[in-house]
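Me: I'm new to this one, so could you walk me through it with some questions and answers?

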Amino acid sequence: MKSWRKPNSVKPPFGSTWTAPPATRIFDNVSFIGNVIVGCYVVETGDGFILIDCMEPDDQSRDTIVQGISDLGLDIHDLKAILISHGHFDHYGQADWFRRNYGCKLYLGETDTILAKTVALDKWPVIDYDID
């Protein structure tokens with residue numbers, strides 16, 4: 001099948017050590033936290049805030065999120081939910097760590113939950129926890 005897309009032989013260096021740029025308010029109640037490879041979004045609400053995605057499942061990504069939330073002037077205990085856009089490791093990250101430590105809910109579609117629980121990508125294992 002022909003495609004207009006050109007193959008990209010350069011693979012992002014997932015798992016590399018990066019200096020994260022500062023957490024950045026994009027507009028109104030939406031901010032970005034991340035590095036040059038992956039990131040997540042913070043959406044502030046009247047009842048706390050949610051994360052959209054959770055970066056890679058490594059401690060550096062987790063710590064980048066925790067620091068970014070603090071840098072935005074938010075209290076991490078106000079984290080209500082993590083919406084995981086799809087079942088790849090660089091989106092579910094350490095979502096369960098945030099749930100265990102701060103009590104937030106985790107949301108991921110059913111098909112992608114099956115993917116995340118059954119298909120290991122690169123060096124990252126499948127998830128071994130349930131989605132709310």
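Reply: Sure, starting with a definition: helices (H or I, at least four residues) and strands (E, at least two) are DSSP runs, numbered from the N terminus. This is a predicted model, where local features need pLDDT of at least 70 and side-chain atom pairs count only at pLDDT 80 or more, while totals for chains, interfaces and linings use all residues. Residues are numbered from 1 along each chain as its sequence is written, and side-chain values use heavy atoms, leaving out hydrogens and water.

Me: What pattern do the helices and strands follow along the sequence?
Reply: The chain has four helices and six strands. Read along the sequence, they come in the pattern β-β-β-β-α-β-α-α-β-α.

Me: Which residue of S4 is the bridge partner of valine 43?
Reply: Let's go strand by strand, where two strands pair if DSSP finds at least two bridges between them. S2 (residues 30-34) and S3 (residues 39-45) run antiparallel with five bridges, and there valine 30 has valine 43 as its partner. S3 also runs antiparallel to S4 (residues 48-52), again with five bridges, forming a hairpin with two residues in between. In S4, the partner of valine 43 is isoleucine 50.

Me: What share of the chain's residues is buried?
Reply: Buried means under 20% relative accessible area, exposed means over 50%, and partly exposed is in between (1.4 Å probe, protein chains only). The chain has 132 residues, and the buried ones make up 40%.

Me: Which helix gives the most residues to the largest nonpolar core?
Reply: A nonpolar core here is a set of buried Ala, Val, Leu, Ile, Met, Phe, Trp, Tyr and Cys residues joined through side-chain atoms within 4.5 Å. The largest has 28 residues, and Ile65, Ile82 and Phe98 touch the most other members. Elements giving two or more residues to this core include S3, S4, helix H1 (59-71) and strand S5 (79-83). The top contributor, with three residues, is H3.

Me: Which cysteines does phenylalanine 98 touch, not counting residues up to four places away in sequence?
Reply: A contact means heavy atoms within 4.5 Å. Leaving out residues up to four places away in sequence, phenylalanine 98 touches a set that includes Arg62, Ile65, Val66 and Ile82. The cysteines in that set are Cys54 and Cys104.

Me: Is arginine 62 buried or exposed?
Reply: Arginine 62 forms a salt bridge (a side-chain nitrogen of Lys or Arg within 4 Å of a carboxyl oxygen of Asp or Glu) with aspartate 63, their closest N and O atoms being 3.1 Å apart. Aspartate 63 is partly exposed at 42% relative accessibility. Arginine 62 has a relative accessible area of 15%, so it counts as buried.

Me: Which residues are linked with Asp96 in a network of salt bridges?
Reply: Aspartate 96 and arginine 100 both sit in helix H3, four residues apart, about one turn of the helix. Their side chains meet in a salt bridge of 2.8 Å, N to O. Aspartate 96 is buried at 13%, whereas arginine 100 is exposed at 57%. In the network, Asp96 is linked with Arg99, Arg100 and Asp132.

Me: How many residues apart in sequence are the parts that lysine 117 and aspartate 130 tie together?
Reply: These two form a salt bridge, with the closest N and O atoms 2.9 Å apart. Lysine 117 lies in helix H4 (residues 110-118) and aspartate 130 in the segment after H4, so the pair ties together parts whose separation in sequence is 13 residues.
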